[in-house]
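Got a new structure on the screen and wondering where all the labels come from? Let's take them one at a time.

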Amino acid sequence: TGGAHPNTEYRVMNFKPGERQGELQTMELKDLFPDPEKSVPLYWEYVYSKWCAEHPYKFPLHYGGGDCGTDSSDYPNTYEGAKTLDDLGRLVFTPLGATMVLGPYESGSYASGTVMLDIGKEQLITMGANPAVWASEK
């Protein structure tokens, strides 16, 4: 068309109750996965498999890339690189689990729009997520 598309970027911030009444602290990777060395590979394997089942294109390069449907060697290369909660993608926590949010151009063409990948609470707990993440809706 010759026109430029706008740049769309999403930023997600997750908080947990602080030490004092009414205080909030930034949620850390270990708040979700107390044993990230064990849980993060399970997380990425699940996310990658679900992504490829629901989307007919490559896994987003920002998260390791790779063609869908080959073998586990194409899983994202971010297993060992996860040091913060943000390294798991933009996660929005809900009473039902979490939703990974990918903006246009991250997951395909601009026309594909924002893509959301839901990950159920029980699935996250199976991976080693701390159930206390969903214990309070303060």
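**Why the labels fit**

Q: What makes Arg20 and Glu23 a salt bridge?
A: The closest N and O atoms of Arg20 and Glu23 are 3.3 Å apart. The cut-off is within 4 Å for a side-chain nitrogen of Lys or Arg and a carboxyl oxygen of Asp or Glu, so the pair of Arg20 and Glu23 qualifies. Keep in mind that this is a predicted model.

Q: Why is Arg20 called exposed?
A: Arg20 has a relative accessible area of 60%, and exposed means over 50%, so the label fits. Its partner Glu23 comes in at 23%, which lies between the 20% and 50% limits, so Glu23 is called partly exposed.

Q: How many salt bridges does a search of the whole structure find?
A: It finds 4. One of them joins Asp31 and Lys16, with the closest N and O atoms 3.0 Å apart. That pair links distant parts of the chain: Asp31 sits in helix 1 (residues 29-32) and Lys16 in strand 1, 15 residues apart. As a general point, side chains of opposite charge can pair when their charged atoms come close.

Q: Why is Lys16 called partly exposed?
A: Lys16 has a relative accessible area of 24%. Buried would need under 20% and exposed over 50%, so Lys16 falls in between.

Q: What makes Lys50 and Glu54 a salt bridge?
A: Their side chains meet at 3.7 Å, N to O, and that is within the 4 Å limit, so the pair counts. Lys50 and Glu54 are 4 residues apart in helix 2 (residues 36-54), so about one helical turn separates them. Glu54 is partly exposed, at 42% relative accessibility.

Q: Why is Thr99 called buried?
A: Thr99 has a relative accessible area of 11%. Since buried means under 20%, Thr99 passes the test. You'll find Thr99 in strand 4 (residues 97-102).

Q: How do you know that the side chain of Thr99 makes a polar contact with the side chain of Asp118?
A: The distance is 2.7 Å, and the limit for a polar contact is 3.5 Å, so this pair is within it. Leaving aside neighbours within four places in sequence, Thr99 is in contact with residues including Arg90, Val92 and Met116.

Q: Why is Phe15 called partly exposed?
A: Phe15 has 43% relative accessibility, which sits between 20% and 50%, so partly exposed is the right label. Phe15 lies in strand 1, and together with Met13 and Leu24 it makes a nonpolar surface patch of about 340 Å².

Q: Why is Val133 called partly exposed rather than buried?
A: Val133 comes in at 21% relative accessibility, and buried means under 20%, so Val133 counts as partly exposed. Val133 is placed in the segment after helix 3. Not counting residues up to four places away in sequence, Val133 touches Met27, Asp31, Leu32 and Phe93. The C-alpha atoms of Val133 and Phe15 are separated by 9.9 Å, with the two 118 residues apart along the chain.

Q: How many helices and strands does the chain have, and in what order do the elements run?
A: The chain has 3 helices and 5 strands, and from the N terminus on the order is β-β-α-α-β-β-β-α.

Q: Which element has the highest mean pLDDT, and which the lowest?
A: Helix 3 (residues 121-126) has the highest, at 95, and strand 1 (residues 15-17) the lowest, at 84. For the chain, the mean pLDDT is 78, and 72% of its residues reach 70 or more.

Note on methods
Residues are numbered from 1 along each chain as its sequence is written. This is a predicted model: local features need pLDDT of at least 70, side-chain atom pairs count only at pLDDT 80 or more; totals for chains, interfaces and linings use all residues. Side-chain values use heavy atoms; hydrogens and water are left out. Helices (H or I, at least four residues) and strands (E, at least two) are DSSP runs, numbered from the N terminus. Buried means under 20% relative accessible area, exposed over 50%, partly exposed in between (1.4 Å probe, protein chains only). A polar contact is a pair of N or O atoms within 3.5 Å; within protein, one must be able to donate a hydrogen and the other to accept it, and residues adjacent in sequence count only if both atoms are side-chain atoms. Contact means heavy atoms within 4.5 Å. pLDDT is the predictor's confidence in each residue, from 0 to 100. Patches are made of residues with over 30% relative accessible area and no salt bridge: like charges are joined within 9 Å, nonpolar side chains (Val, Leu, Ile, Met, Phe, Trp, Tyr) within 5 Å. Accessible areas come from the Shrake-Rupley method with a 1.4 Å probe; for residues, only the protein chains shown count as cover.
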